[in-house]
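I opened the file to look up a few things and note them as I went. These are the entries, in the order I made them.

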Amino acid sequence: MELRHLRYFVAVAEAGSLTVAAEQRLHTSQPSLSRQIRDLEDEVGAQLLTRTARGIELTPSGRAFLDHARLVLSQVEAAGEAARRVAHPAKPCFVMGFLTGHELTWMPEALRILRDELPNIDVMISSQYSPQLADAILKGNVDAAFLRRGKGVPELAFRLLVKEPLVVVLPSDHRLAALEAISPQDLVGETFVGVSDTAPVLRAVIDDYLKGSGINITPAHEVDHVVMGVSLIASTGGVGLLPAYAQNFLTSSVTSRPLKGDTPTVELVLGYRKSNESPVLKLLLGRVGRSCFAANGTSNWVTRRPGVQQRMYIFRVGGLTHLLWMERISDLALTGGNARWNLLVLVR
């Protein structure tokens, strides 16, 4: 899947017409655009668009995919801006990395910790998978990152932030959704959405849990991150085991249930290079132990509330990008911040 596929899909969804999107927005031929959309649907494994008398309409899978496609494109745009600012810094730069998906709860708290330093530094954000973040820290491209604890990297130090429980993610109308809690044996025979090698720590936790429960499940699909997992579960009707923070990305058609018995957990840590003498890093490390989010992994800022209709707003402030679930834009006052917020994207 390439970025152009996401741009083409979003253009068609917003235009409601292949012809209008091709001629007026993408400046390409309609047959070529149709072929690109078919390629995208083949890779996703679900029909995203359907033709009607009124034009092109989104399928339920397409509506779920659209929100995440817009988010990915906005993050790519932010990444490009961050790269340009690193290449031409006006102030000292501190680069923070986030395991993809964890920006929702951890980025606002990290900004809160560094708020006194924000006027004097540029804070850059890098959202990647944990192995790539660890490599970026080793190379000096990232100062500190919220990631999974890797092995075989003696140059890095890690500080435990939270142990995240795994939950079962499944369609809201799935038969298992009627249960208050789900046992691993209940998952046998279901279409199982697993985790790929891009998340080796999480994959090992899931594999060990299933093996220790005495069951053998072969994933029908494997995903790279939780957003992809939620979308694939919605489109295939399958089930998956994901960290609890995946609940931030659940749509109305997808829900979660706790596991019965001893619940497996996966650690989230703050990683950094031992030789890094950045004063900003020292400030972050000095305060993270006293921060409420280091104790319980939750945010004081506005995040998604189950059962409440909310929209995701993407903001830029102090060089950082924030993703907040809110019922209305006026809820931003609940964050208690005094910084100037610039709305980048409203993900409908």
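**Entry 1: L281 and helix α9**

I looked up L281 first and found a relative accessible area of 2%, so I put it down as buried. The model is a predicted one. L281 belongs to helix α9, which covers residues 279-288. I then checked L281 against V95: the two are 186 residues apart along the chain, yet their C-alpha atoms are separated by 9.7 Å.

**Entry 2: G62**

Is G62 buried or exposed? I noted a relative accessible area of 0%, which makes G62 buried because the cut-off for that class is under 20%. G62 is part of helix α4. For its distance to S235, I got 8.7 Å between the C-alpha atoms, with the two positions 173 residues apart along the chain.

**Entry 3: Helix α5**

Next I went through helix α5, residues 103-113. Of its 11 residues, 10 are buried, so the helix is largely enclosed by the rest of the structure. The buried set includes the charged residues E103 and E109. W106, M107, P108 and L111 are also among the buried residues of α5.

**Entry 4: Helix α4 again, from the outside**

I returned to helix α4, which runs over residues 60-87 and also holds V72. V72 has 30% relative accessibility and therefore counts as partly exposed. I found V72 in a nonpolar surface patch, together with L3 and V76. The patch comes to about 170 Å². V72 and V76 are four places apart in number, so I wrote down the general rule beside them. An α-helix has 3.6 residues a turn, so residues three or four places apart point the same way.

**Entry 5: Salt bridges**

How many salt bridges does a search of the whole structure find? I have nine in my notes. I looked at some of them one by one.

- R4 pairs with E2, and their closest N and O atoms are 2.7 Å apart. R4 is partly exposed because its relative accessibility is 31%, and E2 is partly exposed at 42%.
- R70 and E14 form a salt bridge through their side chains, at 3.2 Å from N to O. R70 sits in helix α4 and E14 in helix α1 (residues 3-15), so this pair ties together parts that are 56 residues apart in sequence. E14 has a relative accessible area of 41% and is partly exposed.
- D197 bridges to R203, with 3.1 Å between the closest N and O atoms. D197 counts as exposed at 59% relative accessibility, whereas R203 is partly exposed at 23%.

I followed the last pair further and found a network of salt bridges that links D197, R203, D207 and E222.

**Entry 6: The cavity**

Last, I looked for enclosed space. A search of the whole structure gives one cavity of 30 Å³ or more. The largest cavity holds about 160 Å³ of space.

Which residues lie nearest the centre of the largest cavity? I listed L99, A199, L202, D224 and Y245, out of 16 residues in the lining. Sorted by class, the lining has 10 nonpolar residues, four polar ones and two charged ones.

Technical notes. Residues are numbered from 1 along each chain as its sequence is written. This is a predicted model: local features need pLDDT of at least 70, side-chain atom pairs count only at pLDDT 80 or more; totals for chains, interfaces and linings use all residues. Side-chain values use heavy atoms; hydrogens and water are left out. Patches are made of residues with over 30% relative accessible area and no salt bridge: like charges are joined within 9 Å, nonpolar side chains (Val, Leu, Ile, Met, Phe, Trp, Tyr) within 5 Å. Accessible areas come from the Shrake-Rupley method with a 1.4 Å probe; for residues, only the protein chains shown count as cover. Helices (H or I, at least four residues) and strands (E, at least two) are DSSP runs, numbered from the N terminus. Buried means under 20% relative accessible area, exposed over 50%, partly exposed in between (1.4 Å probe, protein chains only). On a 1 Å grid over the protein atoms alone, a cavity is a set of points where a 1.4 Å probe fits but cannot get out, and a pocket is an open set with protein on both sides within 12 Å along at least five of seven lines; lining residues have an atom within 4 Å of a point. Grid points are joined across faces, edges and corners, and a volume is the space filled by probe spheres set on the points.
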